[in-house]
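Good morning, and thank you for coming. I shall present one protein chain and ask that you keep the model in view while I speak.

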Amino acid sequence: MARKPAVLREIGDGETDIWLLAPRDRALAFVGKHRRGWLQSVLVADESRVEPTCSHYGVCGGCSRQHLVYRAALELKAGQVYAGLPCPDPLPPVPSPSAWFYRTKVEFSFGSQGQLGFMRKGRWDQVTPVETCWIGPAANPRLLAATRAWAGRHGLPGWNARTQEGLLRYLVLRQSSTTGAWLAVLVAQGEVPQAAEWARELTELGASGVMLAVQSATAGAVKPDRVDLLAGQDRLTENLGSLRFELGWRSFYQSNPPAYLRLLETARSWVGPADHLLDLYCGIGTIGLSLQPKRLTGVESVPEAIENARQNAVLNGRAGDFHVCASEDWPDLSCDLLVLDPPRSGCHPRLIKRLAAGEGPDRILYVSCNPKRLQEEMLTLGGLYRIEKLQCFDFFPQTPHVEALCLLTKT
């Protein structure tokens, strides 16, 4: 007998996005232009299909793998990475310590009709109201409920992305995975006299710090002209193994620190101590400081990140030389170990060409948040480097994204 399919979340006129299919579903679907499709019904359900936990699933533009058993979802996305990279014996993927409430930072949007949540899937101008984000920080349900009630009580208008009018734009939440302390930041397109009342209410709910960020820029991004501390503190403490970091609400940091720690521990076991480690795209210095080389050189194009890296080195009693420079422009790639942890766009093509020409060391530790881009880069690097070790780490449960750790060695 065919297994009864789990309930599908509906979108629009009874249509559900085709990405809600499981790997071995038999389904009735409609495929349109540009490979877009709609799932009408599941005829025979894959055994890995489950009922999504979130009531907003399928409409919200966030996570997209809640309809699969977690382990099956992880094996699916890791398998896609392993199939595309030239490594004969990849290691089994490492799951996240937690599949829910794992993100330490999330940004909610206000809508023109009083909504507070995330952008609707496939739309830039519609906000889906969210009661609880199941992958966001654990404090998010309290924050959302209190903020929504406060804004409604005072009739404060949300942001209309089409007309670029309104007052309330974003609500940012950052929570420490180490201490549980959390910061809340309201981003507004002007002054909010009622913000002091909001700050008092959040403090009573347990917020460690509450801020108001006022901006004049109308672009779809957080670019505050000033930030006012309304209550408490403006920083949090995060521990990463033996390292300690002080983070502000805008500091760059991995969204899933416990999963990140597993990757760093594995990296240390692969490479051991290095005499000279060159850390390109070093961010705030987490990888280089964690690997504890005898000599550390960090390179990053964002000045604020380099300042944080220097502070983190001092905070943890570690030595390191950190420089503001585009990684592809760093003049000397000679070292014992090169660390690459580029953004989703991957390494700059000029850097890849320099490495392929032989400027790099014998070993490269590559941390990729976009394995598809890494596949493309290996077409150039493959003539000189081979992937000696490869393992995926799940920083992003319930999504198709996965982190890949690679050790490249010269052939």
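Let me begin with a pair of strands in this predicted model. Strand S8, residues 168-175, and strand S9 run antiparallel and are joined by seven bridges. To find one of these on the screen, please look at Leu173, whose bridge partner in S9 is Ala184. The two strands form a hairpin, with six residues between them. In that turn, Gly180 has a positive phi of about 85°.

For those new to the subject, strands of a sheet pair through backbone hydrogen bonds, and the pairing may be parallel or antiparallel. S9 also offers a parallel case: six bridges join it to strand S10, residues 209-214. Here Val187 has Ala213 of S10 as its bridge partner. How does the chain pass from S9 to S10? Together with helix H3, residues 195-205, the two strands make a right-handed β-α-β unit.

Let us stay with S9 and turn to its side chains. Are the residues of S9 mostly covered or mostly open? The strand spans residues 182-188, and seven of its seven residues are buried. In a regular strand, side chains alternate between the two faces of the sheet. In S9, Trp182, Ala184, Leu186 and Ala188 point one way. Leu183, Val185 and Val187 point the other way, and the residues of both groups are all buried.

I now move to another part of the chain. Here there is an open sheet of eight strands with mixed pairing, in the order S4-S19-S20-S18-S17-S14-S15-S16. Its edge strands are S4, residues 91-94, and S16, residues 321-324, each of which pairs on one side only. From one strand to the next, the twist averages 20°.

At the S4 edge, two bridges join S4 to S19, residues 385-393, and these strands run parallel. Val94 has Phe393 of S19 as its bridge partner. Helix H7, residues 349-356, packs on the sheet and touches S14, S17, S18 and S19. The direction of H7 makes about 155° with that of S17. Towards the other edge, helix H6, residues 303-315, lies across S15 and S16. H6 runs at about 170° to S16.

My next topic is the cysteines. A disulfide is a covalent bond between the sulfur atoms of two cysteines. How many disulfides does a search of the whole structure find? The answer is zero. Why does Cys392 form none? The closest cysteine sulfur, in Cys406, is 7.9 Å from that of Cys392, which is too far for a bond; the cut-off for a disulfide is 2.5 Å. Cys406 is likewise in no disulfide, and the nearest cysteine sulfur to its own, that of Cys87, is 7.5 Å away. Cys392 is buried, with a relative accessible area of 0%. Cys406 is also buried, and its relative accessible area is 0%.

Finally, let us consider the chain as a whole. Its secondary structure comes to eight helices and 20 strands. Of its 411 residues, 52% count as buried. The chain exposes about 18,400 Å², and carbon and sulfur atoms supply 51% of that area. Among contacts between residues at least 6 apart in sequence, 62% join residues at least 24 apart.

That concludes my presentation. I thank you for your attention.

Methods:
Residues numbered from 1 in each chain as written. Predicted model: local features only at pLDDT ≥ 70, side-chain atom pairs only at ≥ 80, totals over all residues. Heavy atoms only, no water. Buried < 20%, exposed > 50% of the residue type's maximum accessible area, 1.4 Å probe, protein only. Helix = DSSP H or I, 4+ residues; strand = E, 2+ residues; numbered from the N terminus. Pairing = 2+ DSSP bridges. Right-handed = clockwise from strand over helix to strand, strands pointing away. Axes fitted to C-alpha atoms, helices over the stretch in contact; angles between N-to-C directions. Contact = heavy atoms within 4.5 Å. Areas by Shrake-Rupley, 256 points an atom, 1.4 Å probe, with all protein chains shown as cover.
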